[in-house]
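Welcome, and please open your viewer. We will go from stop to stop, selecting something and then looking at what is there.

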Amino acid sequence: MDKNEHILGTRRFLPMFLTQFFGALNDNVYKQALLLVITYGWIQQQAAPVSTLNNLAALLFILPYFIFSATAGQIADKYERSFLVRCIKVLEIVIMLIASAGFLLGNLWILLFALFLMGTHSTFFGPIKYAILPEILKPNELMSGNALFQSGTSMAILIGMILGGAVISLSQGNLLWISLTVTTIAIIGYICSRFILKQNESTTNLKIDWNFFRTSIQTVKYAKSLPLIFLVLLGNSWYWFYGATYLTQIPQLTQQNLHASENVVSLLLTFFSVGIGVGSLLCRKIGGAEVNIKMVPVGAIGLTGFALYLAASLAFIPERAGALIGVQDMFTLGTAYYHVMLAVTLLGISGGFYIVPLYAMMQAYAPKSHRARVVAANNIFNAIFMVASAIFSIIILSILKIDIKILFCITAVLSAIFSTWLLLRLKPLAASTQVSLED
């Protein structure tokens, strides 16, 4: 913990950490507010089922990763990165003003357009933030830095979802307050970005290809030419398929399976986010400072086992009629609700164990001259997997009309199969790469 605190207190790391924190915070305040106004009917112009709109929103946020990631990686490898971050943070303020117009006008399509733009903002920010980390941190600080990034992001998710839910709930339909909230957070993020230290320009002679289709194919081909990196990217992307499948369904799960209010949505997301933060920090403590995959199998087992535990817990929730239950009721109505909360927390902890080592490996083993483009390839794969998650969930829940519990069980089994394949391929490659680095 001393090492983490030392890194967090440095000028080279803290401004980047805070910029990332407030960016993730705003993403989740806005996404949570949008999911809640859709799920609980605050905007009365919805022409599709709630589950379809929620998964459509998830797809729109992820779609820019697929379209723009390769271009974003080239830009991040060519230009000075602290300047790029400040430009992106100005863009975030503009996007939040558009979103505010959507809230104040009660226009769902403006809100969905702003969500697409926020996905675009995150697409261009991602390669920069992960390419900067190996530049500002020493090799033996990468695990600590990634642990702090992941735990900080999970806390931003937690606070963002609680804040988004609380503002929507307390405002009682007055969407001016959520508009002020997201715009203010965007401004704070820009102020933090002003303190990021100037970075070296790694590939100033790089010529940017603006044909996103061609550059996406080239970026993916380059990642595939690096076997270890390619497997790590697939592992990262599976985590986002898995996480998107679960997190997107939590509002619907809360309303239809737990028969609970929007405040309980925030409660469950709190447990999940705290779990990721705890898992991320424990991963660094248990796994050590050197980049390794010791904790990935532990996380993979948990992602399967605790998903089945969650599905089983939901089966014991009694049917209810009448008013939706609140947060206090979750702690007084019986042990079945405790099992749901525990399962969600353990899923978060498992996710922290799984993802921190993989992100550290991606940064440590990617060639310096192509580091941002490797992150861009990671984002492209993430986008493909997350779009697949949205389509998968729509097919299971809306077309086949299968229960959420079955969706969770199917995802858990797929996770076990994928993780087994990944680890069997990854372990020998990681070991040989570590040996060559030591030599």
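Helices here are DSSP runs of H or I with at least four residues, numbered from the N terminus. With that in hand, you can find Gly322 in the loop between α11 (296-315) and α12 (327-330). Keep in mind throughout that this is a predicted model.

**Stop 1: three loop residues**

Stay with Gly322 for a moment. Is Gly322 buried or exposed? Gly322 counts as exposed because its relative accessible area is 67%, and the cut-off for exposed is over 50%. Now add Trp109 to your selection: from C-alpha to C-alpha, Gly322 and Trp109 are 32 Å apart in space, and they are 213 residues apart in sequence.

Next, select Lys401, in the loop between α14 and α15 (404-438). Lys401 is exposed too, with a relative accessible area of 65%. Check its backbone as well: phi of Lys401 is near 55°, which is a positive value in a residue other than glycine.

Then move to His259, which sits in the loop between α9 and α10. The phi of His259 is also positive, near 55°, and His259 is not a glycine. Is His259 buried or exposed? His259 has a relative accessible area of 13%, so it is buried; the limit for buried is under 20%.

**Stop 2: helix α2**

Select residues 14-39, which make up α2. This helix has 26 residues and reaches 37 Å from its first C-alpha to its last, close to the 38 Å expected at 1.5 Å a residue. How many of the residues of α2 are buried? The count is 23 of 26, so this helix is mostly covered.

**Stop 3: from α6 to α7**

Select Leu163, a residue of helix α6. Leu163 is partly exposed, as its relative accessible area is 30%. Which residues does Leu163 contact, leaving aside neighbours within four places in sequence? They are Val29, Thr181 and Ile185. Val29 makes a nice distance exercise: Leu163 and Val29 are 134 residues apart in sequence, yet their C-alpha atoms are 6.2 Å apart.

Now select helix α7, residues 176-193. Its 18 residues reach 26 Å from first C-alpha to last, close to the 26 Å expected at 1.5 Å a residue. Among the buried residues of α7 are Ile178, Val182, Ala186 and Cys192, along with Thr181 and Ile185. Colour α2, α4 and α6 as well, since they are included in what covers the buried residues of α7.

While α4 is coloured, follow this helix along residues 81-105. Its 25 residues reach 36 Å from first C-alpha to last, close to the 36 Å expected at 1.5 Å a residue. After α4 comes Gly106, whose phi is positive, near 65°.

**Stop 4: the nonpolar core**

Select Tyr30, Leu258 and Tyr354. Of the 144 residues in the largest nonpolar core, these three touch the most other members. The largest share of this core, 17 residues, comes from α13.

Zoom in on Tyr354. Not counting residues up to four places away in sequence, Tyr354 touches ten neighbours you can label, including Trp238, Tyr239, Leu303, Phe418 and Leu422.

**Stop 5: the cavities**

Rolling a probe the size of a water molecule over the atoms shows where empty space is left. How many cavities of 30 Å³ or more are there? The count comes to 3.

Begin with the largest cavity, which has a volume of about 1000 Å³. To find its centre, select Lys31, Phe61, Ile157, Trp240 and Met386: of the 47 lining residues, these lie nearest to it. Helix α2 returns here, giving the largest share of the lining, 9 residues. Other helices that supply at least two lining residues include α3 (50-78), α5 (108-136) and α14 (371-399). By class, the lining has 25 nonpolar, 19 polar and 3 charged residues.

For the second largest cavity, of about 70 Å³, select Tyr246, Leu247, Ile250 and Leu253, which are among its lining residues, as are Phe272 and Val340. Helices α9, α10 and α13 (335-365) each supply at least two residues of this lining, and α9 gives the most, with 4. What classes do these lining residues fall into? They divide into 10 nonpolar, no polar and no charged.

Technical notes. Residues are numbered from 1 along each chain as its sequence is written. This is a predicted model: local features need pLDDT of at least 70, side-chain atom pairs count only at pLDDT 80 or more; totals for chains, interfaces and linings use all residues. Side-chain values use heavy atoms; hydrogens and water are left out. On a 1 Å grid over the protein atoms alone, a cavity is a set of points where a 1.4 Å probe fits but cannot get out, and a pocket is an open set with protein on both sides within 12 Å along at least five of seven lines; lining residues have an atom within 4 Å of a point. Grid points are joined across faces, edges and corners, and a volume is the space filled by probe spheres set on the points. Ala, Val, Leu, Ile, Met, Phe, Trp, Tyr, Cys and Pro count as nonpolar, Asp, Glu, Lys and Arg as charged, and the others, Gly among them, as polar. A nonpolar core is a set of buried Ala, Val, Leu, Ile, Met, Phe, Trp, Tyr and Cys residues joined through side-chain atoms within 4.5 Å. Buried means under 20% relative accessible area, exposed over 50%, partly exposed in between (1.4 Å probe, protein chains only). Contact means heavy atoms within 4.5 Å. The expected span of a helix is 1.5 Å times one less than its number of residues.
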